[in-house]
Amino acid sequence: MEAESLQEIPDDSVYYADAKEEILDECETVWKQMKECQSKLKFLETETLPKSNAKFSLSIMHMKALTAEYNQWQKRSPEMISTNPDILLSLGKKELQKVKDDLESVLSAVQLKNKNLEEDLKREQQWYEEQKQLIDTLSRTQEETKNQVEQVSNKSLNTRAFHEQKKKILQLKIYKKKLLTVLEEFLEEHFPPPEKSGSAEKKNSQEEPVVQLKPLQDILEILIDKSVGTPHEPYVPIDDSFWPPYLELLLRHGIAQRHPENPDRMRLEAFHG
């Protein structure tokens, strides 16, 4: 370990005491020099400022003082605390010991953090392996269950779908029958079958058999069946059995429309389009 490799730096208390005493003596000497400088400054004559422009003169004097202080600091070189080798050795040992202690603290913190991270990593890896095994097991179970369901329930599902479709068709047929019944009652009440005139019967009987005219209900059923049965070809031919007033009624009210190229054909209007 790096902490063990750092050797203990011995603390020389004798050197440290001597260094402290010597530094105190130097500080006392410097303090005496400062007091002497202050005493000399008291006896210096104060320069009298002119009354006309005292503020400007004071600024000039302040600038000169700052310039002189700046020049002194430029000329001055850094001074060592002491030239005594014993003092420097003692201070160096103390500084190295402080650096050593700081490094040991950092090393301990890093090692503890690494240990915690390793434990977290092991737990995450274990959890990952467990989840992976669980997913594999569930996937196999799902696949097996799916195959079993497809094999066992395929026939029952088809039968159920067939019965549901058959039930829907039956419901649609019943609904269609009800609609046709209501339509038939409405048409019988408001649009009775066309009547043949006597003169027309006599004339037709001499020339050709009489054509029986279709009721409006039959015409609508023909148009509906054609539109539902063959939606790609919904047009039906118009023959003599289609009573012209009924045709005009369907066309005028937008229930049916003629073929754009053949007026003898018509279709039910595409209301669902």
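Here is a short tour of the model, one selection at a time.

Before you click, note that this is a predicted model, where local features need pLDDT of at least 70, side-chain atom pairs count only at pLDDT 80 or more, and totals for chains, interfaces and linings use all residues. Numbering starts from 1 along each chain as its sequence is written, and side-chain values use heavy atoms, with hydrogens and water left out.

**Whole chain.** Start with a cartoon view: there are seven helices and three strands (DSSP runs numbered from the N terminus, H or I of at least four residues for helices, E of at least two for strands). The pattern along the sequence is α-α-α-α-α-α-β-α-β-β. Of the 273 residues, 11% are buried, meaning under 20% relative accessible area with a 1.4 Å probe, protein chains only. The accessible surface (Shrake-Rupley method, 1.4 Å probe) is about 23600 Å², and carbon and sulfur atoms account for 57% of that.

**The sheet.** Next, select 236-237, 256-258 and 265-268: strand 1 and strand 2, then strand 3. They make an open sheet with order 1-3-2 and antiparallel pairing; two strands pair if DSSP finds at least two bridges between them. Strand 1 and strand 2 are the edge strands, each pairing on one side only.

Now go through the bridges. Strand 1 is joined to strand 3 by two of them, and proline 237 has arginine 265 as its bridge partner. Strand 2 and strand 3 share three bridges: look for alanine 256 with leucine 268, and for arginine 258 opposite methionine 266. These two strands form a hairpin, with six residues between them.

**The helices on the sheet.** Add 216-229, which is helix 6: it packs on the sheet and touches strand 1, strand 2 and strand 3, its direction making about 75 degrees with that of strand 3. Then add helix 7 at 244-252, which touches strand 2 and strand 3, at about 100 degrees to strand 2. Angles run from 0 to 180 degrees between N-to-C directions, with axes fitted to C-alpha atoms, for helices over the stretch in contact.

**The core.** Show side chains for Leu216, Ile219, Leu223, Leu250 and Met266, which touch the most other members of the 14-residue largest nonpolar core. Such a core is a set of buried Ala, Val, Leu, Ile, Met, Phe, Trp, Tyr and Cys residues joined through side-chain atoms within 4.5 Å. Helix 6, helix 7 and strand 3 each supply at least two of its residues, and helix 6 gives the largest share, four residues.

Finish by centring on leucine 216. Which residues does leucine 216 touch, not counting those up to four places away in sequence? You should find Leu187, Phe191, Tyr246, Leu249 and Leu250, where a contact means heavy atoms within 4.5 Å.

Key. Buried means under 20% relative accessible area, exposed over 50%, partly exposed in between (1.4 Å probe, protein chains only).
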